[in-house]
Amino acid sequence: MKRYFGWISTLALTVAAVNLSAQPLVIGQTIATTGSISEHGRGLVLGAKAHFDAVNKAGGIAGRPIELRTLDDANDSARATANTRTLAARSEVLAIFSGAEGGPCVASLLVATELKIPQIGCAAGSPDLRDPFNRYSFPIRAAHLSEFERLITTALQVGEKRIGFLYSPGSNGEKHLANVRKLLTARGETLALALPLDPKVSPEELAKRISEAKVDVVFNHGSYSTIAAIFKADRKLDRQTKFMAVNSGAQQMVKLLGEDARNLVFTQVVPFPWARTPAIVRDYRIALEQADPKAEPSFSSLEGYINARVLALALERAGPRVTRASLISALESLRDVDLGGIRLRYSPTEHTGLTYVDTVVVKSNGQFVH
């Protein structure tokens with residue numbers, strides 16, 4: 001009789017293990033796949049799926065495939081809020097993953113915090129993703145603060161001291177403005193122009209105000225399509241201003257600008273995707289080729305790929321019976337991890353992510369050099 005019950009117990013455990021291995025690891029995503037930043041959003045999704053596909057072809061995580069469920073928010077904060085609620089309401093969804101842009105990402109994080117589900121790898125540099133500390137927020141890319149510091153350093157090194165800053169209206173943009181002022185003050189400089197991107201004011205009028213301020217250089221926080229429209233309007237003026245830009249949608253912005261993009265300087269928070277180093281770029285290009293042989297490398301898809309690498313690593317550490325809570329613990333165990341030439345840091349008290357920031361310049365043919 002004991003042998004019989006022992007056999008039944010063993011069979012039950014085996015069946016449970018088989019059932020568990022058949023269940024996907026479900027990851028939720030709210031991101032713009034339509035609208036003004038859709039190309040950037042689709043690039044992030046492509047890069048993430050390239051890595052998830054590679055993981056799944058290799059047997060998944062402990063035999064469980066990763067399933068990415070993506071909802072379109074069209075870069076709208078209200079839709080991002082609703083999408084996050086829809087995804088988090090499903091108990092099988094383990095995380096909210098790799099959204100885009102500060103407004104939707106911050107809106108999504110508010111819901112994720114309320115419902116105690118981790119938000120991982122939002123492609124945004126908003127201060128609200130890091131300050132105050134939030135145990136459900138796991139940014140991966142460097143903050144905009146680091147990008148602003150790099151742009152200011154670059155400008156000052158060539159004697160461009162009259163610096164202007166374009167920023168999105170609202171609390172998020174005001175925080176970025178405060179950070180820019182602090183960075184300049186630390187260098188004994190002041191901000192020559194602080195210009196909110198009022199949607200009621202035309203790009204032509206904003207360009208005129210920049211020109212009248214006679215700044216040496218201006219850089220931005222805000223939608224790349226808005227910045228591109230201002231830049232194009234500036235090119236029609238007698239006094240043309242030098243522009244620099246944060247990373248978001250760099251390739252998409254260059255496409256919008258065409259020949260006007262020549263010599264535009266961007267910061268980037270991922271390595272150069274057309275290079276062969278570091279190792280993570282080689283891995284990305286192989287995965288991208290396998291996922292979509294026609295796809296061109298891009299900053300957007302490389303960021304999506306890096307985000308997916310981080311998430312997959314945490315899922316491995318969390319074990320086969322992963323929960324939202326155990327995934328958070330697994331992420332916080334990534335104390336100092338080499339992802340293939342770039343290092344990631346988390347802990348139970350600090351969710352730093354990456355600190356990588358680089359600059360690239362647009363050539364006359366629309367390609368980037370660094």
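Let's start with two charged residues: Arg-141 is buried, and Glu-303 is buried as well. Here, buried means under 20% relative accessible area, exposed means over 50%, and partly exposed lies in between (1.4 Å probe, protein chains only). Keep in mind that this is a predicted model, in which local features need pLDDT of at least 70, side-chain atom pairs count only at pLDDT 80 or more, and totals for chains, interfaces and linings use all residues. Residues are numbered from 1 along each chain as its sequence is written, and side-chain values use heavy atoms, leaving out hydrogens and water.

What do Arg-141 and Glu-303 form? They form a salt bridge, with the closest N and O atoms 2.7 Å apart. A salt bridge is a side-chain nitrogen of Lys or Arg within 4 Å of a carboxyl oxygen of Asp or Glu. Arg-141 sits in the loop between strand 5 (137-138) and helix 5 (144-157), while Glu-303 belongs to helix 11, so the pair ties together parts that are 162 residues apart in sequence. Helices (H or I, at least four residues) and strands (E, at least two) are DSSP runs, numbered from the N terminus.

Let's follow helix 11 further. Helix 11 has 20 residues and reaches 29 Å from its first C-alpha to its last, close to the 28 Å expected at 1.5 Å a residue; that expected span is 1.5 Å times one less than the number of residues. Of the 20 residues in helix 11, 17 are buried, so the helix is largely enclosed by the rest of the structure. After helix 11 comes Gly-319, with a positive phi near 85°.

Helix 11 takes part in another salt bridge too: Arg-309 pairs with Asp-283, their closest N and O atoms being 3.2 Å apart. Asp-283 lies in helix 10 (residues 279-291) and Arg-309 in helix 11, so this pair ties together parts that are 26 residues apart in sequence. Arg-309 is buried, at 19% relative accessible area, whereas Asp-283 is partly exposed at 32%.

Now for the nonpolar side chains. A nonpolar core is a set of buried Ala, Val, Leu, Ile, Met, Phe, Trp, Tyr and Cys residues joined through side-chain atoms within 4.5 Å. The largest such core has 87 residues, and Phe-266 and Leu-327 touch the most other members. Helix 11 (residues 299-318) gives the most to this core, with 11 residues. A second, separate core of 17 residues includes Tyr-167 and Phe-219.
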